[in-house]
Each structure stands twice: as structure tokens, then as C-alpha cells.
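Q: Pick one spot in this structure and look at it closely with me, then work outwards from there. Keep it chatty, but give the cut-offs.

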Amino acid sequence: MVQLVGSLRKELADSLSTCKVLVVGAGGIGCELLKNLVLTGFKNIEVIDLDTIDVSNLNRQFLFQKKHVGKSKAQVAKESALQFCPSANIIAYHDSVMNPDYNVEFFRKFMLVMNALDNRAARNHVNRMCLAADIPLIESGTAGYLGQVTVIKKGMTECYECQPKPTQKTFPGCTIRNTPSEPIHCIVWAKYLFNQLFGEEDADQEVSPDTADPEAAWNPEETAARATASEKDGDIKRISTKEWARSTGYDSVKLFNKLFKDDIMYLLTMDKLWKKRKAPTPLDWQQLEKSVRPQEETPGSGLKDQQVLGVWGYCQLFQHSVETLSSQLQEKGEGAELVWDKDDPPAMDFVTAASNLRMHIFSMNMKSRFDVKSMAGNIIPAIATTNAVIAGLIVLEGLKILAGELESCRTIFLNKCPNLRKKLLVPCVLDPPSANCYVCASKPEVTVKLNVHKTMVLSLQDRILKERFGMVAPDVQIEDGKGTILISSEEGETEANNSKFLADFGIRNGSRLQADDFLQDYTLLINVLHTEELERDVEFEVVGEAPDKAPPPQTNQEEVNSITNGNKDSAQPSTSSKAPADDDDIMIVDSDEEEAVSSSSAATVSTSTKRKHPDAETGETSTKRPRTEQSSAAAAPTDNDDDDIIALD
């Protein structure tokens, strides 16, 4: 007779009490997951999260209370989880999982790693650390009502980076407010600003500098002090943005100087943010007005929506749109609110102007109104119920792994609408590793198309190796027979190379570079494909196939444009996440693999094609949806944040 401890077999229950697991992230999914783990019987848990608790987290991250605002998420989550099971042994780290202290040996002490992240960069890193340590990883993510969980095991399944990820659509608040690195970050900020000034104010859509940014203050006490700062914290008044704007009579010049001068100057005081980033440059209305050039006032040729104006042009557009929107608000009467609509000209003008001014401040190429409109999709909300469902699925997959039944693990999609079989949860078989993956292949190799006469060594390091290929501390050697060291992770050794072009080191079409990241135990061979025909504002492109498999440069070859996450994210975030399910007798979905069908109003199928598998009930072949991305109609799975699914918390 099978012995049970609660609802689990005794052998499995004993395994839970002795095995050690790592939870990466203590936000929306992480809180639910930590609670589930201790209540299921896991006794040895370590949790890591760099973030601190914000008021906007309290509506869905239930391990936190108002008294915890400003404190470490990992530490408070540990303390709250221990109230469910005081006998559990939980270790909390208020730190970044990308810190070199958390090396391969650190990961090897766990039987299982569970990701609950919100950015692509961190997801990529954990993926590589688990591959290097040969530890099973359960990846997850949510996007509104959509969710996804998957299991990653070296040599058995696809890794997180086997499939290209679409651009991340949700981003950490501190990225939006403090350290934007891509135009989409500025566009999201501008949409938030519209609501703060003219629409329904939302604590999740704050636009002022985030004084509790964990990256700006590594000391937990200092972070907490920043978060609980008085209302006179520098030049930033802790009052409603709309209230302040009304007090100025929606004076466009005062609004401009507050948003693009005073707030930026305040950001500059958070000097830790700018040690490894280019610092922003504040704008001053009066100075711009004096230095305006006549040609900036002259419209360019071509369609109006596709023109990129100068800085002063966007200043004038900002002024005009603020005056128009404030008049509309006044006409509606006291307490009225405007709703942002991309098809409303004044609203679109405001977001175009505000986002482009912020792009200029943070040294990005500005975008046309057409580009901004196409990128300004719906903001995906964070839904507590979705987080709870996904956290439960993570534990179910974890139980399968610990029971030695890894072959029965599945990718689980949580859809917004039932599929053809009336099911919201859809399990799919795990795909094998991709032979062309530049991470988990036996000899990772990529081809990068760039201009060797215009690409600097610093761009190779930061934009290509770190942002695009997710390395943390790369070392690069030129395969020129001499072993020339182009980039060293040791501080100061090759800094003199940063401002030089690749061609200065004899790098040309066909050159090969070997990039090593010793922290990730990862080596990547890069084949350089020189070209002078890249599109405007595109620094490089990843061909995606080894040169011996790629068609000649002159033919039409499929390429993957490099869209890096600042997670982009970033990490991240994005976030492709497949997810696990549990034993067939425990799962609330059928054990047979089903076609991941989602309503056309909920999701669109990614362009990447995966293998098909037979449907257990019909015997017909159905196509598995490997990655889902948000459609214009509604949010759908896609990291974090990304990918398949972007975690919002």
C-alpha cells in the first residue's frame, strides 16, 4: 500500500523536506510561489531579489503590507512565509542574481531552480547558470490574464534562449522612471505621464524619479530611507502630479522644466546609476528657445507622420498638445478625466513629443510620430489571480522533477479564453534543444553583421555581447593566430581599446572572435560579417546561423534584427516562459498534449515555427504554439519580461 503524507507519497514528501531549492524573484509570482512551497512541504529554500517593496505592489503581492514599504522584498517575503511554516529554513538575499558571488558553484548546491523574474537579462543569466551547473530550471511568466510555465533541463529540452524572443512589452518601474535605454521605455513613460496629468492616476504609473531604485542604493537601510523620504525630497514634491499641474494652470513651460530639467537633474544626484551608463542631459526651455535654429522650424519633406522633428520642434509640439489637452479637460468640468487613444491627435501628439524629448535626454535616436504610434501598444496589467495559477503550476512541475518523472513535464499555457476543448490550461510537450542555439549548443556560434569601420570595441562589449547575447563580464580574443586580447573583464586592462574601431585591430569580413564569460561558464564564437548596408540607426544584425549553414551575403537571408533589452530587459526582462504542470492525477488539465489554441482576441501565433506532435485524442497533428506575443486586441503571452511571457512584477 502506498504511504501518503498529506496528498503526497511518503518518498516524495521526504524528498521535499531535504532538497534545497532556489527561488529567483520575490514579486508577484515569487510571493505566491514562496507561500506554495512552504505549504507543500519544502523546508530548505533560498530566495533572491534586488528589489524593494513599493506601495503599488501591495494590491497583488500579498506577503507585503504597508509597513513594509521600502524594505527588501526577499527579506520580508521570507519573514511572511515563515509564519505559514515556522520550521522551514529560508535564506533571503537582497541582491542581484547577476552578482558574481552567485557563481556556478552556488547554483550546484540546489536540486531545482525556479524563476519568478520580470526581465530578460536576468532570465538569460539564470538560464546559463543552470545549464552550466546542470540543474533543472522552471521558467515562468505572466502577462495580464495570460501565463506560461516551462521546464528547462540541459541536453533534454530547449533552453530559454533557443528561440528568438519578441520585443519585451513590460518593464520594471525603475527602468521606466530612472534608466530608460530604449525608445519603448520612453514611450511607456509618456503614456504614464498622460494619465498622471490628464487621465486616471495610477500608483503603478508613477513618472517621477524612483528614489527607492535598488540599483541606486545597494545598502538596504539606505534604500528604505529613500523610499520613506519626506515630501521635500530634493526638488521632488510627494504630491499628485495632476494636483501640481493644476496649481500651475497646466503651464506648459513649467511642466517642461519640471519633467525634462528638474527631474533629470535630480536623477543625476543618484550617481550610482551612472557609473556604467551614459548620464542623461537635462533640457531647459529658455535655453532651447534662445538657441533655436531657423531650419528646425521648417517642415521636412515626406509624409508628416514619418518626419523626425528636431528638439525644438518637439518642444513646440509638447506645448501645443498640453494646451489642447488641458482645454479639453477644463471643458469636461471638475473631476473629469481624459482617456488616452492613439487615434486621438492631441493625445498622440503629447506622447510623441514627451517620449522623443526623453529619448533625446537619454541619448537615443528620436522617432517619428508613425513609429511612436506603432510602438504605443496597450500596457499589460498585473493580475493577482494569474500569478497564483502560474505559481501553483510551478510547484506541480517541481514535484514531477523531484519524483524523477522529468519526462512527464510539460509547457503549460494559461489562456485568457478557453480553447476548442473548453480549457484555459493547455499542456504541450517540451521541445528538444535547438541545434542552432547560441547558448546550449555543443559549440555555440553566431554570425554578426556589422560595419567594422564604424563599430567601436565598447559597442561590441556593451551592445552586442552584454545586451544582445546576455554576457555579464566578457573576455574577447581575436582568432588571428596571435591570440590578441580585444576585451578583458579585468578592470583597466583593455579600456584603451574602447574608443577604437574593430577595423583598427585587423578585424574584417570573415574574422572570428572568441568571447568567454567565466562567471556563466559560457563561450561563444562570433563570425564577423562586414557590411556597409545596414539600415539607418541599426548598429548590427544577428544572422542567427553559423556561416557554413548561412546563405551567401548577397542572397536574401533570414536575419534577426538585434533588439536588446535595457531586459529589454531585461531582462529581460522578457520573457519567455514556459511552465510546468504536475502529475496527471494532480493536474487540473488533461494529460494529453493539446494544441495551444487561443482566441484571436487573446493571442497571436509567433512567427517562429516548432515541430508538431500528434493529438492524443484525435490522432491529428496540431501545431504547438511555442511563443506567444501580445496582439493589438489584447495581451497575450510572449521573459519578462519578452518573450513569450513578460512578467510584470
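A: G310 counts as partly exposed because its relative accessibility is 22% (buried is under 20% relative accessible area, exposed is over 50%, and partly exposed is in between, with a 1.4 Å probe and protein chains only). This is a predicted model, where local features need pLDDT of at least 70 and side-chain atom pairs count only at pLDDT 80 or more, while totals for chains, interfaces and linings use all residues. Residues are numbered from 1 along each chain as its sequence is written, and side-chain values use heavy atoms, with hydrogens and water left out.

You'll find G310 in the loop between α11 and α12 (helices are DSSP runs of H or I with at least four residues, strands are runs of E with at least two, and both are numbered from the N terminus). Between G310 and V292 there are 9.6 Å from C-alpha to C-alpha, at a sequence separation of 18 residues.

Now step into the helices on either side of that loop. α11 and α12 (311–332) are both among the elements that matter in a moment, so start with the rings. Searching the whole structure turns up 18 aromatic pairs (rings of Phe, Tyr and Trp, the last by its six-membered ring, with centres within 6.5 Å; planes under 30 degrees apart are stacked, over 60 edge-to-face, the rest tilted). One of these is F198 with F350, an edge-to-face pair at 5.5 Å centre to centre and 85° between the planes. That pair ties together distant parts of the chain, since F198 sits in the loop between α7 (183–197) and α8 (220–227) and F350 in helix α13 (345–361), 152 residues apart. F198 and F350 are both buried.

F256 and W285 make another edge-to-face pair, because their ring centres are 5.2 Å apart and their planes are at 80°. Here too distant parts of the chain are linked: F256 belongs to helix α10 (252–269) and W285 to helix α11 (285–291), 29 residues apart. Again, both F256 and W285 are buried.

Zoom out a notch and these rings join up: W189, F194, F198, Y250, F256, F260, W285, W312, F318 and F350 form one aromatic cluster. W189 has a charged visitor as well, with the charged end of R358 sitting over its ring, 4.4 Å from the centre (for that, NZ of Lys or CZ of Arg has to be within 6 Å of the ring centre and within 35 degrees of the ring normal).

Several of these names come back in the largest nonpolar core, which has 56 residues; W189, F198, F256, F260, F318, F350 and L357 touch the most other members (a core is a set of buried Ala, Val, Leu, Ile, Met, Phe, Trp, Tyr and Cys residues joined through side-chain atoms within 4.5 Å). Two or more residues each come from α7, α10, α11, α12 and α13, and the largest share, 10 residues, is from α7. A second core lies apart from this one, with 53 residues that include A133, L450, F469 and V476. Take F318 as a close-up of the largest core: leaving out neighbours within four places in sequence, F318 is in contact with S252, L255, F256, L259, F260, F350, A353, A354 and L357 (contact means heavy atoms within 4.5 Å).

Elsewhere, there's a sheet to visit. Eight strands make up an open, mixed sheet, ordered β5-β4-β3-β6-β7-β8-β11-β12 (two strands pair if DSSP finds at least two bridges between them). β5 (89–93) and β12 (425–428) are its edge strands, each pairing on one side only, and the average twist from one strand to the next is 15°. Helix α2 (28–40) packs on the sheet, touching β3, β4 (44–48), β5, β6 and β7 (137–143), with its direction at about 160° to that of β3 (axes are lines fitted to C-alpha atoms, for helices over the stretch in contact, and angles run from 0 to 180 degrees between N-to-C directions). Helix α3 (73–84) lies across β4 and β5, at about 165° to β5.

Inside the sheet, β3 (20–24) and β6 (112–115) run parallel and share four bridges, with V24 opposite N115. β6 also runs parallel to β7, joined by two bridges, and V113 has L137 as its bridge partner there. β7 is mostly covered, with seven of its seven residues buried: L137, E139, G141 and A143 are on one side, and I138, S140 and T142 on the other.
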